[in-house]
Amino acid sequence: MKATVTMKNNWDKFSHYFKQQEVPAKTILLAEGKTSRTMFFIDKGCLRTWVNNGGKEITTQFFFEGDTVSSIESFRTNQPSLYSIESLEPCILQTLSQADFQDIIENSPELKKELEEHLFKRLFHAQQLFYTYLKNNPQKRYEELIEQYPQIVKRVPQHYIASYLGITPVSLSRIRNRV
């Protein structure tokens, strides 16, 4: 779901569709099972997506400044979202409604093409994550996280990182001491 700088620049000409929203940390922007009606562009802050597994939150992804976030499957199909979206830090967001998004896409073939590329990259990222869980042990997953996404380690609380890696906070602490 990461937005590219080019994609954001192309969205700029449609800025009149966007509404700014400031939210404190720990705000649920979309609850799992609810239908997504909003797309978020992050100007400042950090969001995460997560699923509820028998009362346990499992973090699935993190997003930072310049990223675009929505439950795109729900947003486009009006089906319930498979996950929640929550702010981890105070955030300044630019929001876009479903109707405005549809209007923009219908009137901008270049953005429609960029959206297709964006969705392909999102699918590729999800596949990479899936195969990392299958192939690598937790220490290797943590080492890759540090290498590929150092901002996560600097800005995200450890218990969310542990959840993202599929381990306990205690296991993460042990791994961090070894690395």
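Two exercises with worked solutions follow, on the sheet and the cores of this structure.

The model is predicted, so that local features need pLDDT of at least 70 and side-chain atom pairs count only at pLDDT 80 or more, while totals for chains, interfaces and linings use all residues. Residues are numbered from 1 along each chain as its sequence is written, and side-chain values use heavy atoms, leaving out hydrogens and water.

**Exercise 1.** Work out in what order the strands of the open sheet lie, and which strands are at its edges.

Solution. Begin with the strands, which are DSSP E runs of at least two residues, numbered, like helices (H or I, at least four), from the N terminus. Two strands pair if DSSP finds at least two bridges between them. The four strands of the open sheet follow the order β2-β7-β4-β5, with antiparallel pairing. At the edges are β2 (28-30) and β5 (56-63), each of which pairs on one side only. Finally, β2 and β7 (residues 84-87) are joined over two bridges, and I28 has E86 in β7 as its bridge partner.

**Exercise 2.** Find which helix gives the most to the largest nonpolar core, and which residues I152 touches.

Solution. A nonpolar core is a set of buried (under 20% relative accessible area, 1.4 Å probe, protein chains only) Ala, Val, Leu, Ile, Met, Phe, Trp, Tyr and Cys residues joined through side-chain atoms within 4.5 Å. The largest one has 16 residues, and α7 gives the most, with five. Next, I152 touches (heavy atoms within 4.5 Å) F62, F64, L145 and I161, not counting residues up to four places away in sequence.

Definitions and conventions: Buried < 20%, exposed > 50% of the residue type's maximum accessible area, 1.4 Å probe, protein only.
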